[in-house]
Amino acid sequence: MMKALQRHIIFAAIGGVIFFILLGLASLHALDKWQNSYRLQIVHSQAKYVQQVFDKLLVDTQYQHGLFLRQQVTSYNPAHLEADFTLCFSQPERTKCAISPTSMPAQFDSQQLERKLIQVVDRYNTDKVGIVQLAKQQIAIVAMSYQNEQAFIQGYLLPHQGADVTVEPFQIGVHTNAYVTADLINPQAKWAIPVAVAPFSFYAQPVVWLAGLICLLSALMSFYIYLTHYKKSRQSLNRLTAEVSNIKANDESTQQVGSYQVEGVGELAGSINGMLEELFAAKEFNKVTLNSIGDAVITTDLNGIVTYCNSTTFKIIKAAETDIVGKHIADVLPFVEPEDSKRLRHALRDLVKNAEQIDGASERCMHRINRELEVLYIEKHITTLRNPAKELVGTVMVLRDMTQSERLRKKLNFQASYDVVTKLLNRHKFEEMLNESVHNAKMEQRSHVLCLIDLDRFKLINDSAGHAAGDQLLYEVGSIFRSYLRKTDVCARIGGDEYGIILFDAHLEHGLTIFEKILSQIKEYRFIWGGKIHSIGASFGITQITSDTHNAAEARREADAACYMAKNIGMNNLRVFDVNNEKLNNHHQAPRWAARINDALVNDKFVLFFQRINPTCGKSEREHIEILLRMQDKDGILLSPNMFLPAAERFRLTPKIDRWVIKRVFRWISSRPQLWQKVTLSVNLSGESLNDEKLFSYIIDLHEKIGFPPETICFEVTETAAVANLVVGRELITKLQAHGFTFALDDFGKGFSSYSYLQNLPAEYVKIDGGFVKQMTENVRDREIVRSIHQISAVMGMKTIAEYVEDDSILEALREIGVDYAQGFGIQKPAELASFIPIEQVLNEAEVET
């Protein structure tokens with residue numbers, strides 16, 4: 001405030017100096033104008049005096065002229081005249097008067113003087129007074145009276161006391177203050193009549209004294225105003241200081257200082273009020289913001305005493321503000337663990353002590369605190385608090401309620417490792433424990449037992465009673481398994497109705513004893529739901545994990561193969577994996593077969609074979625052959641389908657194989673147009689392919705690109721696959737038939753399906769299952785089944801094909817029944833499709849040879 005007042009005083013002093021300078025300049029200008037006006041007044045009065053002299057001389061001349069006119073007849077004596085010379089001229093003769101009052105000084109040339117005066121008379125012809133230069137340095141005042149065409153002239157040489165006038169040649173630089181008149185003869189020549197002006201003294205003038213007095217009064221008034229303003233400013237500043245000091249930082253209401261009339265202090269008070277309003281708005285914003293966040297914010301001093309806390313703090317700590325503010329933070333937080341209070345004190349002390357060495361923030365820590373009847377998980381984070389001078393003044397602690405997050409984390413951890421339905425370990429955790437068991441068996445020479453369990457009849461209960469019943473059944477069965485195990489053992493649900501058990505540090509005999517007890521319990525178990533009693537079964541596959549076990553996947557496949565064999569035997573069976581059991585070994589090798597099948601698809605290691613289908617009587621219009629498939633191993637040996645198709649079906653690779661075969665067969669027949677009207681090729685479709693929604697578009701697109709008559713291809717679908725996919729299969733058959741392809745129903749009778757299915761499967765051919773054909777000559781029942789299938793097919797307009805025709809006796813029996821076609825080793829053994837020759841050509845070549 002004092003600095004502002006000093007600046008105002010300096011500015012006022014500078015302004016006063018500038019004002020007085022301007023006032024002095026204005027005063028000088030006014031004095032100069034006043035002096036000029038004074039001089040002009042003197043010159044004007046002098047001019048009047050000169051004019052009066054001129055008028056007096058003219059009057060005197062007129063008088064003398066009148067006197068001269070009256071006394072012309074008598075003598076006229078001008079001796080009494082004061083003029084230096086007198087002349088009289090008559091006009092227009094311009095001659096001297098008869099009686100001339102001429103009086104001329106001796107030094108003048110009379111004739112020259114007369115000529116000068118005549119010039120005056122000729123120019124004016126009236127009464128006139130003026131100055132005439134008669135000769136060099138001879139100047140005279142000439143007064144002329146003109147009456148009755150006579151000019152009476154009196155002249156006064158200058159200087160002349162009678163004239164009382166001094167005339168000098170006109171000079172601008174000298175006579176700036178003089179009466180100026182023109183020459184009567186030569187108007188271009190001017191004469192200055194000097195005027196005596198009294199000397200002017202600036203300091204002697206009253207206006208100077210007035211200006212000085214004004215300056216002095218102004219200085220005294222300025223000093224008085226300064227003293228008065230300083231006193232009022234000091235009083236206002238003292239009152240403003242008192243008002244500001246009474247403003248409290250924690251006051252909730254908006255505080256302002258009063259208004260002041262003193263210039264400067266009033267502006268300062270307005271600035272302070274504006275600043276207070278901004279501070280209140282910022283404080284209110286910070287308060288609302290802090291109370292809006294979900295974290296508790298607590299500030300403390302350097303000793304850990306609480307100085308502030310937001311509203312969220314009271315939600316986490318059930319206490320009043322008076323119970324928190326003013327107390328140590330370690331005593332405020334209701335920790336579950338008493339040691340946490342001590343740790344907090346040490347953390348605050350270390351943070352304040354080492355604030356300069358570290359970044360001023362502590363690590364985030366998790367604590368448990370009590371809130372009434374529940375326990376909260378709180379994440380704590382502390383940072384240092386500094387003032388504008390960067391001095392450490394306290395700490396800020398943020399408490400975040402992580403209870404829901406902690407519960408969710410535990411839930412997610414549980415779900416990551418446990419099954420939600422059974423509360424047992426899940427598949428992921430089971431695989432982890434299985435890997436661990438194989439690892440420590442190898443590294444520590446330990447022995448464990450692995451068992452995979454597959455429930456029987458679970459799907460029936462789940463579908464009939466509902467999923468809630470199925471979940472309850474899975475939970476109760478899991479409880480039965482867990483009740484027979486040790487705490488160190490592992491029990492997990494690894495699939496829909498599949499369980500896995502690992503007995504750590506157990507021999508196979510010990511494991512068999514436990515699993516037989518569990519199996520016995522499962523046999524006696526009855527599941528009650530909705531007032532109905534259900535019984536279930538289980539299939540157990542067991543293998544031992546030793547140091548010889550290759551890896552966890554190997555152990556898993558062994559147990560899976562054993563479980564598969566147990567399930568094939570029937571419900572409630574138990575099998576132990578035996579490497580010498582061929583069926584178990586084949587099933588165990590299925591995953592490896594799957595890898596080999598994928599490799600064969602990628603690298604074209606499949607080979608197409610064919611087998612003829614000949615009519616039992618006579619010749620048919622088109623030769624019929626079935627396309628068969630073989631696979632090459634790494635040594636080039638051809639493997640039969642029964643070695644790799646089970647694995648392909650298990651791992652759902654048959655659709656890929658079917659597409660490979662279709663593509664190769666289409667290419668083969670398209671490159672041989674000579675066979676289009678002579679041969680029909682039968683291509684097998686698997687049950688998985690029937691469910692492939694994109695198979696139809698694949699076949700049609702491929703056929704349109706390659707191009708050949710569609711009746712050249714006959715697709716074969718097994719009875720079992722067609723019945724299982726009746727709706728989808730019928731739709732596919734109908735669409736392909738509409739495009740021109742033909743169909744055969746393969747292995748009919750094997751699935752013991754009703755003959756009514758033939759009505760829903762519009763095939764052109766029915767292939768009788770070879771199981772009935774190969775024994776029909778020895779078994780009357782098989783013969784009658786073949787006859788029955790043929791008769792029903794004939795009634796429905798379908799041709800029959802008998803498989804497994806291995807000798808002529810079977811062929812003859814088929815002729816007697818009326819079966820249309822025969823296929824088997826008795827007709828032709830399979831051969832590579834690349835070596836195919838039409839039967840007509842074969843017969844012709846045979847005739848040529850004979």
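**Entry 1. The whole chain.** I began with the contacts of the protein: among those with a separation of 6 or more, 62% are between residues 24 or more positions apart. I note at the outset that this is a predicted model. I then looked up the secondary structure and found 26 helices and 30 strands. Of the 850 residues, 41% count as buried. For the surface, I recorded that the protein exposes about 46,700 Å². Carbon and sulfur atoms supply 53% of that exposed area.

**Entry 2. A nonpolar patch.** I asked which residues form a nonpolar patch on the surface. I found Ile14, Ile18, Ile21, Leu22, Leu25 and Leu28, which together have about 570 Å² of accessible area. I took Leu25 as my example and located it in helix H1, which covers residues 2-70. Its relative accessible area is 52%. The cut-off for exposed is over 50%, so Leu25 is classed as exposed.

**Entry 3. A residue of helix H4.** I next turned to Ile272, which is placed in helix H4 (residues 265-292). Is Ile272 buried or exposed? Its relative accessible area is 13%; because buried means under 20%, I entered Ile272 as buried. Leaving aside residues up to four places away in sequence, I listed Leu240, Val244 and Val257 as the residues that Ile272 touches. For Val257 I also noted the C-alpha separation from Ile272, which is 7.5 Å. These two residues are 15 residues apart along the chain.

**Entry 4. Salt bridges.** Side chains of opposite charge can pair when their charged atoms come close. I asked how many salt bridges a search of the whole structure finds. The search gives 25 salt bridges, and I looked up several of them.

The side chains of Arg371 and Glu374 meet in a salt bridge, at 2.4 Å from N to O. I recorded Arg371 as buried, with a relative accessible area of 18%. Its partner Glu374 is partly exposed, at 29%.

I then examined Lys767 and Glu716, which form a salt bridge with their closest N and O atoms 3.0 Å apart. This pair links distant parts of the chain, 51 residues apart. Lys767 lies in strand S27 (residues 765-768), and Glu716 lies in strand S25 (residues 713-718). Both Lys767 and Glu716 are buried.

**Entry 5. Helix H25.** I continued with Glu812 and Arg815, whose salt bridge has its closest N and O atoms 3.3 Å apart. Why are Glu812 and Arg815 separated by about one helical turn? They are three residues apart in helix H25, and therefore about one turn of the helix lies between them. I found Glu812 partly exposed, with a relative accessible area of 40%. Arg815 is likewise partly exposed, at 34%. I added that salt bridges with shared partners join Glu626, Glu716, Lys767 and Glu803 into one network.

**Entry 6. A patch of negative charge.** Finally, I asked where Glu778, Glu806, Asp807 and Asp808 gather. They form a patch of negative charge on the surface. I followed Asp808, which lies in helix H25 (residues 808-817). Its relative accessibility is 59%, and so Asp808 counts as exposed.

Definitions and conventions:
Residues are numbered from 1 along each chain as its sequence is written. This is a predicted model: local features need pLDDT of at least 70, side-chain atom pairs count only at pLDDT 80 or more; totals for chains, interfaces and linings use all residues. Side-chain values use heavy atoms; hydrogens and water are left out. Patches are made of residues with over 30% relative accessible area and no salt bridge: like charges are joined within 9 Å, nonpolar side chains (Val, Leu, Ile, Met, Phe, Trp, Tyr) within 5 Å. Accessible areas come from the Shrake-Rupley method with a 1.4 Å probe; for residues, only the protein chains shown count as cover. A salt bridge is a side-chain nitrogen of Lys or Arg within 4 Å of a carboxyl oxygen of Asp or Glu. Lys and Arg count as positive and Asp and Glu as negative; His and the chain ends are not counted. The place of a charge is taken as NZ of Lys, CZ of Arg, CG of Asp or CD of Glu. Helices (H or I, at least four residues) and strands (E, at least two) are DSSP runs, numbered from the N terminus. Buried means under 20% relative accessible area, exposed over 50%, partly exposed in between (1.4 Å probe, protein chains only). Contact means heavy atoms within 4.5 Å.
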